[in-house]
Amino acid sequence: MMKGNINTSFFLAALLSLLLVICELGHCSGEEPVIKMKLGGVHDCKGSQNSAEIDNLARFAVQEHNNKENTILEFTRVLKAKEQVVAGKLYHLTLEAIDAGKKKIYEAKVWVKPWMNFKQLQEFKYAPDVPSFTPSDLGAKPDGHEPGWQAVPTHDPGVQDAANHAVKSIQQRSNSLYPYELLEILLAKAKVIKDYAKFDLLLKLRRGIKEEKFRVEVNMNIEGKFFLGQFEQDHS
């Protein structure tokens, strides 16, 4: 008698679990078939963020966005990749793509369930405030040792944002009646120290009819916020 009760309890528990799974997939009577995700914490992807698997997911995201929005973005690289355990995995990707000849930063979410050969783009959006620099770009070492200054492109969005912040900060500290205007970024160097980047820039500015050069040092923290450090007028 006791054995029969145990078997019956086991059967009912298994049946209840099966019904919960069916309902979770949206197949309960009176419901539309909607798949629900159980969300877990977001973590850095294991292995290299530029692995073939992550690159393929980013390319898929760009292609799906192009198909949906009738755009022609061209994928270039992955800047950051995180993963979240769901019913499968949800990948949070920060990627760089070319739009009309200009490099721009985008954020995408791709849901993957390998055992069902399922892959779906959940979100794709322009992320103008996300810095384009990564520690690997600037030669940062895993142990956090300072790698030294490296030349970086003056047209990079991160460099331009650092320069614009410097000009704004110089203007705030100046008593001039004429505002400073950024004419050109003449030179740009950068390095990563632990969890922040440091920019060394030579800027050509205009104030009224006068042109001046300034050498500035700008720090960018892990959240992408800029802080002006040292700056001085360059008379060379």
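Here are a few exercises with worked solutions on this predicted model.

**Exercise 1. Find out how far to trust the model, and where confidence is lowest and highest.**

Start with the overall numbers: the mean pLDDT is 78, and 70% of the residues reach 70 or more. Next, go element by element. Helix 1 (residues 2–24) has the lowest confidence, with a mean of 49, while strand 5 comes out highest, at 95. Then look at the stretch 15–36, where pLDDT stays under 50. For those residues the model has 18 contacts beyond four places in sequence.

**Exercise 2. Write down the order of the elements along the chain, then say how much of the protein is buried.**

Count first: there are 3 helices and 10 strands. Reading from the N terminus, they run α-β-α-β-β-β-β-β-α-β-β-β-β. Now for burial: 33% of the 236 residues count as buried. The exposed surface is about 15,100 Å², with carbon and sulfur atoms supplying 54% of it. As for contacts with a separation of 6 or more, 46% of them link residues 24 or more positions apart.

**Exercise 3. Trace the open sheet of 5 strands and work out which strands stand at its edges.**

Step one is the strand order, which is 6-7-8-9-10, with antiparallel pairing. Step two is the edges: strand 6 (150–151) and strand 10 (226–234) each have a single partner strand, so one side of each has no neighbour in the sheet.

Step three is to walk through some of the pairs:

- Strand 6 pairs with strand 7 (residues 180–193) over 2 bridges, and Gln150 stands opposite Ala190.
- Strand 8 and strand 9 share 11 bridges, with Leu201 facing Val216 across the pair.
- Strand 9 and strand 10 are joined over 7 bridges, where Lys213 has Asp234 as its bridge partner.

Finally, check the turn between strands 8 and 9. This hairpin has 2 residues between the strands, and Gly208 takes a positive phi near 70 degrees there.

**Exercise 4. Identify the helix that lies across this sheet and describe the largest nonpolar core.**

The helix is helix 3 (residues 157–173), which lies across strands 7, 8, 9 and 10. Relative to strand 10, helix 3 runs at about 70 degrees.

Now the core. It has 23 residues, and those with the most contacts inside it are Phe199, Leu201, Leu203, Val216 and Val218. Two or more residues each come from helix 3, strand 7, strand 8, strand 9 and strand 10. Helix 3 gives the largest share, 6 residues.

Zoom in on Leu203 to see some of this. Its contacts beyond four places in sequence include Ala163, Ala166 and Val167, along with Leu182, Ile185, Phe214 and Val216. Charged residues are not the whole list, but Glu184, Glu212 and Lys213 are among the residues Leu203 touches too.

**Exercise 5. Decide whether Asp200 is buried or exposed, and list what it touches.**

Locate it first: Asp200 sits in strand 8. Its relative accessibility is 13%, and the cut-off for buried is under 20%, so Asp200 counts as buried. Leaving out residues up to four places away, Asp200 touches Trp149, Leu187, Ala188, Lys189, Arg215 and Val216.

**Exercise 6. Place Tyr106 in its surroundings.**

Tyr106 belongs to strand 4 (residues 102–113). With a relative accessible area of 6%, Tyr106 is buried. Its partners beyond four places in sequence include Leu73, Leu93, Thr94, Ala97, Asp99, Phe124 and Tyr126. The C-alpha atom of Tyr106 is 7.7 Å from that of Pro128, which is 22 residues away along the chain.

**Exercise 7. Look up the phi angles of Asn70 and Asn117, and check whether these residues are buried or exposed.**

Some background helps: most residues other than glycine have a negative phi. Asn70 has a positive phi of about 60 degrees, and Asn117 has one of about 55 degrees.

Where are they? Asn70 is in the loop between helix 2 (52–69) and strand 2 (74–86). Asn117 is in the loop between strand 4 and strand 5 (118–126). On accessibility, Asn70 has a relative area of 73%, so it is exposed. Asn117 is exposed as well, at 74%.

Technical notes
Residues are numbered from 1 along each chain as its sequence is written. This is a predicted model: local features need pLDDT of at least 70, side-chain atom pairs count only at pLDDT 80 or more; totals for chains, interfaces and linings use all residues. Side-chain values use heavy atoms; hydrogens and water are left out. Helices (H or I, at least four residues) and strands (E, at least two) are DSSP runs, numbered from the N terminus. Buried means under 20% relative accessible area, exposed over 50%, partly exposed in between (1.4 Å probe, protein chains only). Contact means heavy atoms within 4.5 Å. Accessible areas come from the Shrake-Rupley method with a 1.4 Å probe; for residues, only the protein chains shown count as cover. Two strands pair if DSSP finds at least two bridges between them. Axes are lines fitted to C-alpha atoms, for helices over the stretch in contact, and angles run from 0 to 180 degrees between N-to-C directions. pLDDT is the predictor's confidence in each residue, from 0 to 100. A nonpolar core is a set of buried Ala, Val, Leu, Ile, Met, Phe, Trp, Tyr and Cys residues joined through side-chain atoms within 4.5 Å.
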